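Colleague: Thanks for making time for this one. Could you walk me through the model, a question at a time?

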Amino acid sequence: MATTAKEARDRKLLKARKAGARKLRCRHRNRCQRCGRPRGYLRKFGLCRICFRQLALAGEIPGVIKASW
């Protein structure tokens with residue numbers, strides 16, 4: 001199953017949940033907004049760990065800097 005199909009299924013489940021469906025067959029899965037990866041998801045940023053690291057090192061996430069001590 002392609003990632004886009006999984007994202008479409010997740011969107012469909014989310015709409016059903018908002019509409020008031022009581023029982024759903026499976027749970028909603030948080031996915032990276034950039035690549036669709038379901039694992040290693042950082043809720044605060046809506047990204048997976050890999051995309052977060054790429055964007056942070058490029059300086060594209062405001063307020064995030066590389067730690068040094």
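Colleague: Is Phe52 buried or exposed?
Modeller: Happy to start there, and please keep in mind that this is a predicted model. The relative accessible area of Phe52 is 18%. Buried means under 20%, so Phe52 counts as buried.

Colleague: Which residue forms an aromatic pair with Phe52?
Modeller: Searching the whole structure turns up one aromatic pair. Its centres are 4.7 Å apart, and Phe52 shares it with Phe45.

Colleague: How would you class the geometry of that pair: stacked, edge-to-face or tilted?
Modeller: A pair of aromatic rings is described by the distance of the centres and the angle of the planes. For Phe45 and Phe52, the angle between the planes is 40°. Planes under 30 degrees apart would be stacked and those over 60 edge-to-face, so the pair of Phe45 and Phe52 is tilted.

Colleague: And how does Phe45 itself count, by accessibility?
Modeller: Phe45 has a relative accessibility of 31%. Buried would need a value under 20% and exposed one over 50%, so Phe45 is partly exposed.

Colleague: Let's turn to Arg31. Is Arg31 buried or exposed?
Modeller: Arg31 sits in the loop between H1 and E1. Its relative accessibility is 15%. Because that value falls under the 20% cut-off, Arg31 counts as buried.

Colleague: Which residue has its backbone oxygen 3.0 Å from a polar atom of the Arg31 side chain?
Modeller: Setting aside neighbours within four places in sequence, Arg31 is in contact with several residues, including Lys6, Asp10, Tyr41 and Gly36. The backbone oxygen at 3.0 Å from a polar atom of the Arg31 side chain belongs to Gly36.

Colleague: What about Gln33: buried or exposed?
Modeller: Gln33 is found in the loop between helix H1 (3-19) and strand E1 (41-42). Its relative accessibility is 66%. Exposed means over 50%, so Gln33 counts as exposed.

Colleague: How far apart in space are Gln33 and Gly46?
Modeller: In sequence, Gln33 and Gly46 are 13 residues apart. From C-alpha to C-alpha, the distance between Gln33 and Gly46 is 6.1 Å.

Colleague: Stepping back, in what order do the elements of the protein chain run?
Modeller: The protein chain has two helices and two strands. Read from the N terminus on, the order is α-β-β-α.

Colleague: Last one: what share of the residues of the protein chain counts as buried?
Modeller: The accessible surface of the protein chain is about 6,200 Å², with 51% of it belonging to carbon and sulfur atoms. Among the 69 residues of the protein chain, the buried share is 17%.

Key:
Residues numbered from 1 in each chain as written. Predicted model: local features only at pLDDT ≥ 70, side-chain atom pairs only at ≥ 80, totals over all residues. Heavy atoms only, no water. Helix = DSSP H or I, 4+ residues; strand = E, 2+ residues; numbered from the N terminus. Buried < 20%, exposed > 50% of the residue type's maximum accessible area, 1.4 Å probe, protein only. Areas by Shrake-Rupley, 256 points an atom, 1.4 Å probe, with all protein chains shown as cover. Polar contact = N/O pair within 3.5 Å; in protein donor to acceptor, adjacent residues only side chain to side chain. Contact = heavy atoms within 4.5 Å. Phe/Tyr/Trp six-rings, centres within 6.5 Å; stacked < 30°, edge-to-face > 60°.
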